[in-house]
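Biologist: Please walk me through this model, one question at a time.

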Amino acid sequence: MTEPRHSLLIVGVNYRSAGVRLREALFVEEERLPERLVQLRELALPESLLLSTCDRVELLAAAEAPAEAAKKLRGLLARWAEIDASELETQSYTYCDEDALRHLFAVAASLDSQVIGEPQVLGQLKESHRLAHAFGLMGSFLERHLQAAYRAAKRVRSETSLAEQPVTLAASALRVARDLHGDLERCRLLLLGLAEMGELLAEEFRAAGVKELSITHRFERRAEVTARRLRAHFRPWEDWQKVLCEADIVISALGSGQLLLDAPLVEQVLRQRRRRPIFFIDAAVPQDIAPSVEALDGAFVYSLHDLERVAAAGRRSREGASMEAWRILGAELEAFRKAHLARLAAPVVADLRAHAERIRQEVLAEKPGDADAATRLLLARLLHEPSEELRHAAAENPDDRTLLERLLRRLFRLDRDAGSESRRGESGAEGEDKR
């Protein structure tokens, strides 16, 4: 039975296409995932998957009619965000077929993340895959595409230095913090916002010995969930400036597009702390901390680029690793495309084999026990219809004849056989000359 022809479709928003408010409105908390997946299933698409992270919310689907399916998926996202579909359309993206596959590969390999190489998104994609299975949303089409994306991501992580980048940033942040504060166990850490790099850095500080970690965010439910996961204190958003006075290390990861920390505010906080220093890490895109804060006595501000310089990694090596990662993805995309096209040809090959077997059985029934006669008859019947089609094409349309002739020569490798006969003939002639 022939598999239905599906297109890979991705509709979503991410940190480049949409503001933080829309992304936060679309973010799916863990306890609401079942409800969202049931709503996705009600769209009655052949296969689908929901990926929800701090930086993106994407719907993947196998679609028989991509334009119609994309409209359904955008409508569902708009309903979740409680906005008009037209408003969502200006802040979302839609990818189909090869563009969708390239995007999926880039997401899995963390080439589409705010911090290239961060390890979280691949695990989040695999968890989304598992949930889609559990809710009966998966099938062989999406399964093939996801497994191909995992293979590509594994190659990028094992064959390039991209996976070292977030680890290097975290190590740099820890080194600066220790130089400034000494023993990290005595430090209080505040995480403002929940961008992925901010969470990753907070986890690293936790593992390095920081005992007191506070988390606050405009969307308090998300902050509560993250605080439980990191064994941290949840602080209401309206208290964040008060908590700021208590913090020795501040990771700002809101990325709202508006500066959260400016010089007057930080100056006031430093006076209340009697100039005890604060190590600020601006892990937001766009930035949360005004450049003027760095000039204040007692404020030590590092961006992600500053941490790269501390690590002596340098932009050039990172860009080189990115180029190599994209080369790997390109090779994996081409391999998947070829395998997909070969799979599409499989039903025709099966029909051809069945056709040949049917003729063979007929010939054996007509010429039992006479191998020579049976094989002559078999060849005649197998070649009859292709020969007739070629003669008809020659009579009716020279272009069709040329195309069919090329196909036949390629399918049966006639040019190679002719070359072999020619070489055998030349070899025989040389033997006669020698004699």
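**Helix, core and rings**

Modeller: This is a predicted model. Start with aspartate 306, which lies in helix H13, residues 304-311.

Biologist: Is aspartate 306 buried or exposed?

Modeller: Its relative accessible area is 18%. Buried means under 20%. So aspartate 306 is buried.

Biologist: Which backbone nitrogen does the side chain of aspartate 306 reach?

Modeller: The distance is 2.8 Å. The partner of the aspartate 306 side chain is the backbone nitrogen of serine 303.

Biologist: Which helix gives the most to the largest nonpolar core?

Modeller: That core has 66 residues, and Leu26, Leu50 and Leu73 touch the most other members. The top contributor gives 9 residues and spans residues 140-159. It is helix H7.

Biologist: How many residues are in the other core?

Modeller: This core lies apart from the largest one. Among its members are Leu200, Ala202, Ile215 and Ala232. Its count is 33 residues.

Biologist: Tyrosine 93 and tyrosine 95 form an aromatic pair; what kind?

Modeller: The centres are 5.3 Å apart. The planes meet at 35°. Stacked needs under 30 degrees and edge-to-face over 60, so this pair is tilted.

Biologist: And what are tryptophan 237 and tryptophan 240 as a pair?

Modeller: Their ring centres are 5.7 Å apart. Their planes lie at 25°, so the pair is stacked.

Biologist: Over which ring does the charged end of arginine 222 sit?

Modeller: The charged end is 3.9 Å from the ring centre. The ring belongs to phenylalanine 27.

Definitions and conventions
Residues numbered from 1 in each chain as written. Predicted model: local features only at pLDDT ≥ 70, side-chain atom pairs only at ≥ 80, totals over all residues. Heavy atoms only, no water. Helix = DSSP H or I, 4+ residues; strand = E, 2+ residues; numbered from the N terminus. Buried < 20%, exposed > 50% of the residue type's maximum accessible area, 1.4 Å probe, protein only. Polar contact = N/O pair within 3.5 Å; in protein donor to acceptor, adjacent residues only side chain to side chain. Core = buried A, V, L, I, M, F, W, Y, C linked by side-chain atoms within 4.5 Å. Phe/Tyr/Trp six-rings, centres within 6.5 Å; stacked < 30°, edge-to-face > 60°. Lys NZ or Arg CZ within 6 Å of the ring centre and 35° of its normal.
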